[in-house]
Amino acid sequence: QVQLVESGGGLVQAGGSLRLSCAASGRTWSSFAMGWFRQTPGREREFVAAIRDEDTYYADSVKGRFTISRDDAQNTVYLQMNILKPEDTAVYYCAATRGYNYRSNKYYDYWGQGTQVTVYS
């Protein structure tokens, strides 16, 4: 069993930055790939970024602006978000998967409760 708790969301002006954190519990956490997804009302939860070991994956819409990283000693995964845009406004979710299909929300085994990010212009 893995429990995930996100933090770090908030209100930020366009062009600004935020760093999201996801604290994980569970003995086998390091064996999971970790992902970040986001969701706005009426839309499907969409892939943002994922990390397994040293390999990282990004949605085209955030590539070059967002960076995912993990600290296995702290059982934490981060999402550094720079040059934020109003269209980045969403609830951001952390997720864990044993599999290798990182871009689909259907293949993740555990989810956090989400943290709101609001970007205003």
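Biologist: In what order do the 4 strands of the open sheet come?
Modeller: Keep in mind that this is a predicted model. Pairing in this open sheet is antiparallel. Reading across its 4 strands, the order is β1-β3-β8-β7.

Biologist: Okay, and which strands stand at the edges?
Modeller: An edge strand here has a single partner strand, so one side of it is left without a neighbour in the sheet. That holds for residues 3–7 and for residues 66–71, which are β1 and β7.

Biologist: By how many degrees are neighbouring strands of this sheet turned against each other on average?
Modeller: For this one, direction is ignored. Averaged over neighbouring strands of the sheet, the turn comes to 15°.

Biologist: Let's look at β7 and β8. Which residue in β8 stands opposite I68?
Modeller: β7 covers 66–71, and β8 covers residues 76–81. The two run antiparallel and are joined by 6 bridges. Across from I68, in β8, stands L79.

Biologist: Now the loops. Is D53 buried or exposed?
Modeller: D53 sits in the loop between β5 (46–52) and β6 (55–58). Its phi is positive, about 55°, although D53 is not a glycine. Most residues other than glycine have a negative phi. The relative accessibility of D53 is 55%, and the cut-off is over 50%, so D53 counts as exposed.

Biologist: What about I83, where does that residue lie?
Modeller: I83 is a residue other than glycine with a positive phi, near 45°. As for its place, I83 is in the loop between β8 and β9 (90–97).

Key. Residues numbered from 1 in each chain as written. Predicted model: local features only at pLDDT ≥ 70, side-chain atom pairs only at ≥ 80, totals over all residues. Heavy atoms only, no water. Pairing = 2+ DSSP bridges. Axes fitted to C-alpha atoms, helices over the stretch in contact; angles between N-to-C directions. Buried < 20%, exposed > 50% of the residue type's maximum accessible area, 1.4 Å probe, protein only.
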